[in-house]
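Take a look at the sequence and the structure below. Then follow the tour, one site at a time.

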There are 2 protein chains.
Amino acid sequence: MINRFISVLTGVLLISLNFNVTTAQAQSDNFSAEQLTQIEQIKKQALESDIAWNLVESLTTEVGPRFPGTPGDKAAVAWAITKFKAMGFDKVWTEPASFPKWLRYSESAAIVSPAPQPMHITALGNSISTPKEGLKAQVIEFETLAELEDSADNSAKGKIVYINYRMNRDRDGNGYGPAVEARSRGAVVAAQKGAVGYVMRSVSTAHHRFAHTGGSHYKEGVTKIVSSAISNADADQLHRLIALGKPVVININIQAESMGEGISQNVIAEFTGQENPEEHVLIGGHLDSWDLGTGALDDGAGVALTMAAAKLAISHGKPKRTIRVVLFAAEEFGLWGAKAYVKANKKSLSNIVAAAESDFGADRVWAFESNVHSSSLPLVRDIAAMMKSLDIEYIGKNSARGGPDLIPFREFKIPQFQLAQDGTDYFNYHHTADDTLDKIDPIKLRQNVAAYAVFTYMTANAKTRIRGKK
Amino acid sequence: MINRFISVLTGVLLISLNFNVTTAQAQSDNFSAEQLTQIEQIKKQALESDIAWNLVESLTTEVGPRFPGTPGDKAAVAWAITKFKAMGFDKVWTEPASFPKWLRYSESAAIVSPAPQPMHITALGNSISTPKEGLKAQVIEFETLAELEDSADNSAKGKIVYINYRMNRDRDGNGYGPAVEARSRGAVVAAQKGAVGYVMRSVSTAHHRFAHTGGSHYKEGVTKIVSSAISNADADQLHRLIALGKPVVININIQAESMGEGISQNVIAEFTGQENPEEHVLIGGHLDSWDLGTGALDDGAGVALTMAAAKLAISHGKPKRTIRVVLFAAEEFGLWGAKAYVKANKKSLSNIVAAAESDFGADRVWAFESNVHSSSLPLVRDIAAMMKSLDIEYIGKNSARGGPDLIPFREFKIPQFQLAQDGTDYFNYHHTADDTLDKIDPIKLRQNVAAYAVFTYMTANAKTRIRGKK
C-alpha cells in the first residue's frame, strides 16, 4: 500500500511534467500539428491507463510461471491469443519455435560439515541431475572464473568448485556480463579442472536468500557435472566457513532432466497499416519465463507494456504503417523464439522500420537511443523530443542494442531502438522465485507504456520511414 | 559493501556524537566523577568494538540454525560455554529446560487449479503433518480471524481456511500482536468451523517471497488440522485468484513431527560482584532460533550484544554487583528456558537489581524505559542521561516490558528495563530463511552494545541498588 501511495504521487508528477513541452513540438517535418496533438494525448492517456497493469496482473496470476515445455507455457500462448483478440488487433497468429526442453524437478543443498545447515540453491538451466541421494564432496573456492581457468590442471580434482564472484550493481546492468560468464561456462571449466560438481554465487545484487537461476552450457567432450547457484546469503556463509580453514563438505541434490526438442509458439499480433501495410514497427517482449517465479519483471512487464502501447498508439485511428507486437517464445533458454522468427520472416525483415524489445524489468525508462541510418536521425530527434516530458534522456550515440530477442536481427541491420529502463534493482529479483507481481510499480509501468506508445505512434506514422544502417 | 560503507559513516557520526554530553554528567549522587569518566570510555570503546559482530558472525556461521532439539541447539550450547570462558567470565554454567520437541521435515504447496503454480509455504510450529501425498482441498478466504470466528458453524466444512490479514509495519512492532493471533489460534478456529486445513498470510511486513514460521497451538477436544503460512507474494496471488470467482484448489504437503519432551540448556555466565555479589544485573537474549534461517536477528544479535556489553562493562575492573548474562533456551517454542530459569532461581530473583533482554533484531536502540520503584527513578534518569549521546530517548512512563523471556519474571516485580530497538524492518525477516547475518548492520550493532554496556555498568556499580515496584 505504501508503494502504491508513493506511486500515485510519482504519477501525479509525471502527469504534470507531461504538459511542459507540447508547444515546443508544434513544428516538425515528419508530423502534422494534428498528429503532434494526438501524440500528447496518447502520452497523457498512457500515464493514466492501467491496461498494462491489468495485463501483467492477469498473466502472472492466471497463468503464473511460463517455462518452455510446461503447461504454463501453453497456457501463456492461449492467454496471449485471447488478449490480443479482445484488444481488437487486426491479425493474431502464432509461429512455432523449437527449443531444447529441460525440466527442473527438485533442488536442495546443505553444508554437511563442519557446521551442518541447509543452503538455498537452484539448478542452472540445462544442468544434469546429481545421484538421487545427492552429490557430497569437499568444496574448493575460487574468486573468479578466470582464477579457476588459470589454476593448475586437476586443481579441483574430486571436489565441488565454488566461485565466489559477486555481481556489481549498475543502472544499465553492466555488472551482468562479467558475472554471467561463470554461469554460462563455469561447469565446463570446473570439469576440465577435475571437479565433480559446480556451484557459484548467484548472479545477483540482492540482499535476500534467493538463488538465481539462468542458462548454462556443457561442451562436447567435457564431462557434464551438476551446475548450480546459491543465494548471496548462502554464498557469504560458505565463503566464511571455507575461510576458517577446515575442509568444508557440502551435499547438492538436484533432480532435473533434458528431454530433447520441445515446441513453443511466438505469438504475433498486428494493427494493419493503412498506407504502407508491409512496412512495420516491431515491439514486444518474451512470453516465457523461468519456472521459479511468476516472471513479472522478466518479462511479464515487457509483454504487457508493449501490448498496451500498441493499443494506445492507435487510439486516434489506424496507423500509416503496421504495428506488430511479437511475444517471443523460449527466450530464457537461448533466444529460440527470436531465432525462429528471423528464420520464418527473413523476407520481411527489411520492412521493419523500427524495432524495440522491453526485457529489463519494469522500472522507469530513463534514456532513449537509436541505431539507424544517419538520414533518419532528424526523425529520431523528433521522437526524443516527445519523450522529454517523460523524463527520458536522448542518447545521441546512435548505437542502441534493442533487447536480447533482437540479437538475431542484428545482422540484417534493421533500425533498432533502446528505451532504456533503470536496472538498478533488476538483478535483485532476476531469475528468482521472488520475481512476482508485487515488484512492479504500476505508475512506473505507465511511464514505460507512455514511452513505447509515443515511440510506436511516431515510427508508424512519420511521413518518411526510418532506415537502418547500411 | 555499500551497507558497510554507510555503516562506517554512521559510526563516525555516532562516535562524534559521543563526546557532547560528558561534562553534563560530571555531577551525580550515584556515581563518582571517575566512574562517569569510565562510562564515557566504555561507550567510546563499544562504538569502536567488533566483539559483538565477531560473536554473532561466529554463532550464525559455525553453528547456524539452533532449533531446540536439533544438533544445532546442542552445538550452540557448547559454543556459548566456550565463548563465555574465552571471554574471561568468572562463572559459566548451564541449567536444563524441557520443552515440547517438534521437528519440521519438509514443506511445499501449490495452487492446483485454476492456475497451477507453486506456493512458498512454511509449517507453523507444532503443526501436524498432512498425508504423504499432501492435503488437497478448495480454499475459503477470510479477511481476519474475527471474521472466521463470526462465521456460521460449518462455514469452512471440508475446505482449507485461508486468512488474508496483513500485518502493519510499525517501529515498535505494534502490528505484531493483532497479526499473531491468527497464527497462534487460527488452526483451532478453522477446525471448529469444519476446515480440513489452515493456511494464513505470513505475519510479515516483507515484500519478498519468504513464508514466516512461528508458534501455533492446538486445543484439547478440537480436531488438529495442518497449520501453515504462505509468503506475502503468494498470499497476494491466492487472494487475486479467489477474487476471480472460480473455486481455487490448493495442495499443502507438510511433514513434521511432535516427539514428546526435549531437553535444552540455559547457558549462564557471570562477572562476580566485588561488594554485593548476590545482587545482580541480568541481561541476555535467547540462544535458540527457528530452523529456517540462521537466527541472526532473532536472536543471535541479542546473544552477541549482551555478551559483548557485559565484557565491556568490566573493562575498568570488576563490578560492585554481579553481572549475569543469561542465554535462554527454547524461547521460540514458548519461553521454556525462561520458565525453567524462574523456577530454578526463584530464591534469588529478589536479588535482581535490573533486567533487560535484547530480542528485537539489531537495529539501533532509539528509546530507554524503566519499570522500577519510584525511589529508583533518579538513578534511571542518570542512566538515560548517559545514553543521550547515543541518540536514545528517555521514555518516562516507567512501564517498560523487558523482552519476551522476562515475561515469566513479571510476577516477581523485578526491576525491568527496555532498550527499545527500531523494529521498522524487523518483521521483514522475522522467522524466515532470510534471517541471516547480512541483515545485521555492524555499526548499529555497536550502538546497541554501547547502550547495554552503559546500562550494565551503571546498574551494577551505582551507589544504591535499584528496586522493583512493590
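## A buried glutamate

A:Glu270 counts as buried, because its relative accessibility is 4% and the cut-off for buried is under 20%. This is a predicted model, so every value here is computed from predicted atoms.

A:Glu270 has a salt bridge to A:Arg324, with the closest N and O atoms 2.6 Å apart. That pair links distant parts of the chain. A:Glu270 sits in strand β8 of chain A, while A:Arg324 sits in strand β10 (residues 321-328), 54 residues apart. Is this pair buried or exposed? Both A:Glu270 and A:Arg324 are buried.

## A network of three

Which residues are linked with A:Glu270 in a network of salt bridges? They are A:Lys91 and A:Arg324. The side chains of A:Lys91 and A:Glu270 meet at 3.8 Å, N to O. A:Lys91 belongs to strand β1 (residues 91-113) and A:Glu270 to strand β8 (residues 249-271), so this salt bridge ties together parts of chain A that are 179 residues apart in sequence.

A:Lys91 has a relative accessible area of 42%, so this lysine is partly exposed. A:Glu270, in contrast, is buried. How many salt bridges does the structure hold over all chains? The count is 40. Another of them joins A:Asp438 and A:Lys439, whose closest N and O atoms are 2.9 Å apart. A:Lys439 counts as buried because its relative accessibility is 14%.

## A buried aspartate with no salt bridge

Now look at A:Asp435. This residue is in the loop between β14 (416-421) and α11 of chain A. A:Asp435 is buried, yet it has no salt bridge. Where is the nearest side chain of opposite charge? It belongs to A:Arg66, 6.9 Å away. A salt bridge needs a side-chain nitrogen within 4 Å of a carboxyl oxygen.

What does the side chain of A:Asp435 reach instead? One partner is the backbone nitrogen of A:Leu297, which lies 2.6 Å from a polar atom of the A:Asp435 side chain. Another is the backbone nitrogen of A:Asp298, at 3.1 Å.

## A buried serine and a close pair

A:Ser216 lies in the loop between β6 (197-201) and β7 (226-230) of chain A. With a relative accessibility of 3%, A:Ser216 counts as buried. Its side chain reaches the backbone oxygen of A:Gly125 at 2.8 Å. The side chains of A:Ser216 and A:Ser227 are joined by a polar contact of 3.5 Å.

A:Arg171 is found in another loop of chain A, between β5 (160-163) and α6 (176-192). At 34% relative accessibility, A:Arg171 is partly exposed. A:Arg171 and A:Gly423 are 252 residues apart along the chain, but 4.6 Å separates their C-alpha atoms.

## A positive patch

Which residues form a positive surface patch? They are A:Lys413, A:Arg467, A:Lys469 and A:Lys470. A:Lys470 is in the segment after α11 (442-461) of chain A. Why does A:Lys470 count as exposed? Its relative accessibility is 82%, and the cut-off for exposed is over 50%.

A:Lys413 comes from the loop between β13 (393-395) and β14 of chain A. This lysine counts as partly exposed, because its relative accessibility is 46%. A:Lys413 also has a phi near 55°, a positive value in a residue other than glycine.

## Backbone exceptions

Most residues other than glycine have a negative phi, and most peptide bonds are trans. Chain B has exceptions too. B:Asp391 is not a glycine, but its phi is positive, at about 65°. B:Asp391 is in the loop between α10 (377-387) and β13 (393-395) of chain B. Its relative accessibility of 44% makes B:Asp391 partly exposed.

Which peptide bonds are cis? One runs from B:Ser113 to B:Pro114, with omega near 10°. B:Pro114 is in the loop between β1 (91-113) and β2 (117-119) of chain B. Another cis peptide bond runs from B:Asp298 to B:Asp299, also with omega near 10°. B:Asp299 is in helix α8 (residues 296-313) of chain B.

Definitions and conventions:
Residues numbered from 1 in each chain as written. Chains lettered and ligands numbered in written order. Predicted model: local features only at pLDDT ≥ 70, side-chain atom pairs only at ≥ 80, totals over all residues. Heavy atoms only, no water. Patch = residues over 30% accessible without salt bridge, like charges linked within 9 Å, V, L, I, M, F, W, Y side chains within 5 Å. Areas by Shrake-Rupley, 256 points an atom, 1.4 Å probe, with all protein chains shown as cover. Lys, Arg positive; Asp, Glu negative; His and termini not counted. Charge placed at Lys NZ, Arg CZ, Asp CG, Glu CD. Helix = DSSP H or I, 4+ residues; strand = E, 2+ residues; numbered from the N terminus. Buried < 20%, exposed > 50% of the residue type's maximum accessible area, 1.4 Å probe, protein only. Polar contact = N/O pair within 3.5 Å; in protein donor to acceptor, adjacent residues only side chain to side chain.
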